[in-house]
Every structure is written in structure tokens, then in C-alpha cells.
Amino acid sequence: MLPIPNFRSWDDAFTLPFYQEAVVYLLDAEKGCFLPADCLTISGVGLPKGWEHGYTKGVALYKNSVVYWLEVW
């Protein structure tokens with residue numbers, strides 16, 4: 001399973017219909033440490049084993065909205 005963000009933690013605009021109807025394209029995800037430790041968030045909280053550090057990027061399309069993400073932890 002590859003990680004995608006929890007959009008709800010970003011903004012209340014991401015309601016249940018977003019999660020049911022959005023088309024999500026995961027462009028890339030990779031395990032590893034890509035930033036200095038002082039630039040990283042808490043290591044892999046809630047992620048599967050082996051994803052303690054890494055990044056994920058992609059696009060979600062919902063109605064007239066496009067959400068692009070790049071998340072590094």
C-alpha cells in the first residue's frame with residue numbers, strides 16, 4: 001500500500017463526498033530520508049512498517065477542484 005495524505009487534516013473543505021468521489025492519481029512515492037532531520041515531521045506516524053521516512057506526491061480531482069500534494073516526512 002502506498003501512502004497518500006489525509007486531506008481532512010489540511011482543511012475542513014475535504015468532506016466525505018470528496019473521499020467518495022475524488023479521482024486520486026499517485027504520481028510517485030518512495031521510502032527513504034530525503035531532507036535533513038530538522039526539516040522532517042514526526043517519522044511515519046500511522047504509516048505501514050518500512051515507511052518511517054519518505055515522500056509522496058500526486059493529484060486529486062474533485063468536481064472543479066484540483067489538489068496537488070508533495071508530502072515529505
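Helices (H or I, at least four residues) and strands (E, at least two) are DSSP runs, numbered from the N terminus. The exercises below use these names. The model is predicted: local features need pLDDT of at least 70, side-chain atom pairs count only at pLDDT 80 or more, and totals for chains, interfaces and linings use all residues. Residues are numbered from 1 along each chain as its sequence is written, and side-chain values use heavy atoms, with hydrogens and water left out.

**Exercise 1. Overall layout**

Task: State which helices and strands the protein chain holds, and in what pattern.

Solution.
- Step 1. The protein chain has one helix and three strands.
- Step 2. Along the sequence these follow the pattern α-β-β-β.
- Step 3. For confidence, use pLDDT, the predictor's confidence in each residue, from 0 to 100. The average over the protein chain is 83, and 88% of the residues score at least 70. Helix α1 (residues 16–21) has the lowest confidence, with a mean of 84, while β1 has the highest, at 94.

**Exercise 2. The sheet**

Task: Work out the order of the strands in the sheet and how they pair.

Solution.
- Step 1. Two strands pair if DSSP finds at least two bridges between them. In general, strands of a sheet pair through backbone hydrogen bonds, either parallel or antiparallel.
- Step 2. Between β1 and β2 there are eight bridges, in the antiparallel sense. Two of the partnerships place Lys31 with Gly54 of β2 and Asp28 with Lys57 of β2.
- Step 3. β2 and β3 also run antiparallel, and eight bridges join them. Here Tyr55 stands opposite Val72 of β3, and Val59 has Tyr68 of β3 as its bridge partner.
- Step 4. The result is an open sheet of three strands in the order β1-β2-β3, paired antiparallel. β1 and β3 are the edge strands, since each pairs on one side only. From one strand to the next, the twist averages 5 degrees; axes for such angles are lines fitted to C-alpha atoms, for helices over the stretch in contact, and angles run from 0 to 180 degrees between N-to-C directions.

**Exercise 3. The turn at Lys63**

Task: Describe where Lys63 is placed and what its phi is.

Solution.
- Step 1. Lys63 is in the loop between β2 and β3. These two strands form a hairpin with two residues between them.
- Step 2. The phi of Lys63 is near 50 degrees, a positive value in a residue other than glycine. For comparison, most residues other than glycine have a negative phi.
- Step 3. Buried means under 20% relative accessible area, exposed over 50%, and partly exposed in between (1.4 Å probe, protein chains only). Lys63 counts as exposed because its relative accessibility is 70%.

**Exercise 4. Buried residues and the core**

Task: Find the residues of the largest nonpolar core and the strands that supply them.

Solution.
- Step 1. A nonpolar core is a set of buried Ala, Val, Leu, Ile, Met, Phe, Trp, Tyr and Cys residues joined through side-chain atoms within 4.5 Å.
- Step 2. The largest one has eight residues: Phe7, Phe14, Phe18, Ala22, Ala60, Tyr62, Val67 and Trp69. β2 (54–62) and β3 (65–72) are the elements that give two or more residues to this core.
- Step 3. Contact means heavy atoms within 4.5 Å. Leaving aside neighbours within four places in sequence, Phe18 is in contact with Phe7, Ala60 and Tyr62.
- Step 4. Of the nine residues of β2, seven are buried, so β2 is largely enclosed by the rest of the structure. Over the 73 residues of the protein chain, buried residues make up 27%.

**Exercise 5. Val24 and Trp73**

Task: Decide for Val24 and for Trp73 whether the residue is buried, partly exposed or exposed.

Solution.
- Step 1. Val24 lies in strand β1 (residues 23–31). Val24 counts as partly exposed because its relative accessibility is 36%.
- Step 2. Not counting residues up to four places away in sequence, Val24 touches Ile4, Val59, Ala60 and Trp69. Val24 and Tyr62 are 38 residues apart along the chain, and their C-alpha atoms are separated by 8.9 Å.
- Step 3. Trp73 is in the segment after β3. Trp73 counts as buried because its relative accessibility is 6%.
- Step 4. The C-alpha atoms of Trp73 and Phe34 are separated by 8.5 Å, with the two residues 39 apart along the chain.
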